[in-house]
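Q: I have a structure in front of me and want to learn how to read it. Can we go feature by feature?

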Amino acid sequence: MQAHVSIILPVHNAEPWLDECLRSVSQQDFEGTMELSVFNDASKDKSGAIIEKWRVKLEDTGVHVIIGGHNSPSPRGVGYSKNQAVAQSSGSYLCFLDSVFTSNGPTVIMPTWFCSRAWFSHVGPFDEGGRGVPEDLLFFYEHLRKGGGVIRVDQSLLLYRYHPQAATHSVLEATIWTHRVRFLEEQALPRWAAFTIWNAGKQGRRLYRSLTAANRHKVVAFCDVDEKKIRKGFYCHEDSQERPKPRIPILHFRAARPPFIICVKLDLTGGAFEDNLRSLHLQEGQDFLHFS
């Protein structure tokens, strides 16, 4: 019988965390039918034995377990393992688990955590580039390109454990930054003829330098609240091949004009920056975008 939900679990050398992960599957209170689809990506520890132990326990509770994998000398990566686990599963919906997740359902329902099989087929599969590739981020961006969104659930329903061997640590910050800038340029900046970067500091200047030449020409100013930066009056892009080198004005935020790309970390509990932003009565998406 086809399951309502397939739990998709890629595994690679997950022995220290796998028992807790699989225990969380057994503790779900979902009343429909579930199956667990595990793909063991060339684990060299005792992950395989732990999976087999839990197969018996889970099937005794009515959760069908499908196990796949390979014993190659090297793992193929998280994206490949997820795709294989999806291919061998049958559920109408896919819940992506990780051996370092303890899952009781998603907090923000994103397609990289939960989606229908039909939507996965429309958007996916995951990038299989392997170590160092942010497959979740790339899948999420493709989801947005095809009109998808996210749904917020105001409950703490998912725990993520960071550990030194986690695949996420193989993805360089510079790689994430590059993908984010390219997506910003693809999806947001074409509709703006000009814009202001809110932050004349390190992050704002980094964003400016990361833009294509065409989008750098759209930057009419930086804005800030730091009097020292404002008194300087401009930012000079020293690495530019243009002559004369571009000098971008630095203004007080009240003298600057939207739309803004905001390169300041937001404190959702409130703070001076958030007060300044609210005082301008800006509408997110139309008057500003947050990038930090």
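Q: Let me start with one strand. Which residues of β10 are buried on one side, and which on the other?
A: This is a predicted model, so keep that in mind throughout. Look at the two faces of the strand in turn. Phe195 and Ile197 are buried on one side of β10. Thr196 and Trp198 are buried on the other. Both faces of β10 are therefore covered.

Q: Which strands does β10 pair with, and in what sense?
A: Start with the general idea. Strands of a sheet pair through backbone hydrogen bonds, either parallel or antiparallel. Now the case here. β10 covers residues 195-198 and pairs with β11 in the parallel sense, over 4 bridges. β10 also pairs with β14, residues 260-262, again in the parallel sense, over 3 bridges.

Q: Where can I see single bridge partners?
A: Take Trp198. Its bridge partner in β11 is Cys223. Then take Thr196. Its partner in β14 is Phe260.

Q: What lies beyond Cys223?
A: Cys223 has a bridge partner in β13 too, namely Leu251. The strands β11 and β13 (residues 247-252) run parallel and are joined by 3 bridges.

Q: How many residues of β11 are buried?
A: Count them along residues 219-224. Of the 6 residues of β11, 5 are buried, so the strand is largely enclosed by the rest of the structure.

Q: Now a sheet as a whole. What is the order of the strands in the sheet that holds β1?
A: Read across the sheet, not along the chain. The order is β3-β2-β1-β4-β7. These 5 strands form an open sheet, and the pairing is mixed.

Q: Which strands stand at the edges?
A: β3 (64-70) and β7 (114-116) do. Each has a single partner strand, so one side of each has no neighbour in the sheet. From one strand to the next, the twist averages 20°.

Q: How many bridges join β1 to β2?
A: There are 7, and the two strands run parallel. β1 spans residues 5-11, and β2 spans residues 34-41. One place to look is Val11, which stands opposite Asn40 in β2.

Q: Which helices lie on these strands?
A: Two to look at are α1 and α3. Helix α1, residues 15-26, lies across β1 and β2. It runs at about 180° to β1. Helix α3, residues 78-87, packs on the sheet and touches β1, β2, β3 and β4. The direction of α3 makes about 145° with that of β1.

Q: Which residues of α3 are buried?
A: They are Gly79, Tyr80, Ser81, Lys82, Asn83, Ala85 and Val86. That is 7 of the 10 residues, so α3 is largely enclosed by the rest of the structure. What do the buried residues of α3 pack against? Their partners are β1, β2, β3, β4, α4 (117-123) and α5.

Q: Is Asn71 buried or exposed?
A: Compare its relative accessible area with the cut-off: exposed means over 50%. Asn71 has 73%, so it is exposed. Asn71 sits in the loop between β3 and α3. Also look at Ala42. The C-alpha atoms of Asn71 and Ala42 are separated by 4.6 Å, although the two residues are 29 residues apart along the chain.

Q: How do I describe two packed helices?
A: Two packed helices are described by the angle between their axes and the distance between the axes. Try helix α5 (residues 135-145) and α6. Their axes come within 11 Å and cross at roughly 5°. α5 and α6 are therefore roughly parallel to each other.

Q: Which residues of α5 and α6 meet?
A: In α5, they are Leu137, Leu138, Tyr141, Leu144 and Arg145. In α6, they are Ile176, His179, Arg180, Phe183, Glu186 and Gln187. The residues of this contact divide into 6 nonpolar, 2 polar and 3 charged.

Q: At what angle do α6 and α7 cross?
A: The angle is roughly 65°, with the axes of α6 (residues 173-187) and α7 (residues 202-210) coming within 11 Å. These helices are therefore roughly perpendicular to each other. The crossing of α6 past α7 is right-handed. The residues of their contact divide into 5 nonpolar, 2 polar and 3 charged. Among them are Trp177 in α6 and Leu207 in α7.

Key. Residues numbered from 1 in each chain as written. Predicted model: local features only at pLDDT ≥ 70, side-chain atom pairs only at ≥ 80, totals over all residues. Heavy atoms only, no water. Pairing = 2+ DSSP bridges. Axes fitted to C-alpha atoms, helices over the stretch in contact; angles between N-to-C directions. Contact = heavy atoms within 4.5 Å. Buried < 20%, exposed > 50% of the residue type's maximum accessible area, 1.4 Å probe, protein only. Parallel < 35°, antiparallel > 145°, perpendicular 65-115°, else oblique. Left-handed = near helix turned anticlockwise from the far one by under 90°. Nonpolar A, V, L, I, M, F, W, Y, C, P; charged D, E, K, R; others polar.
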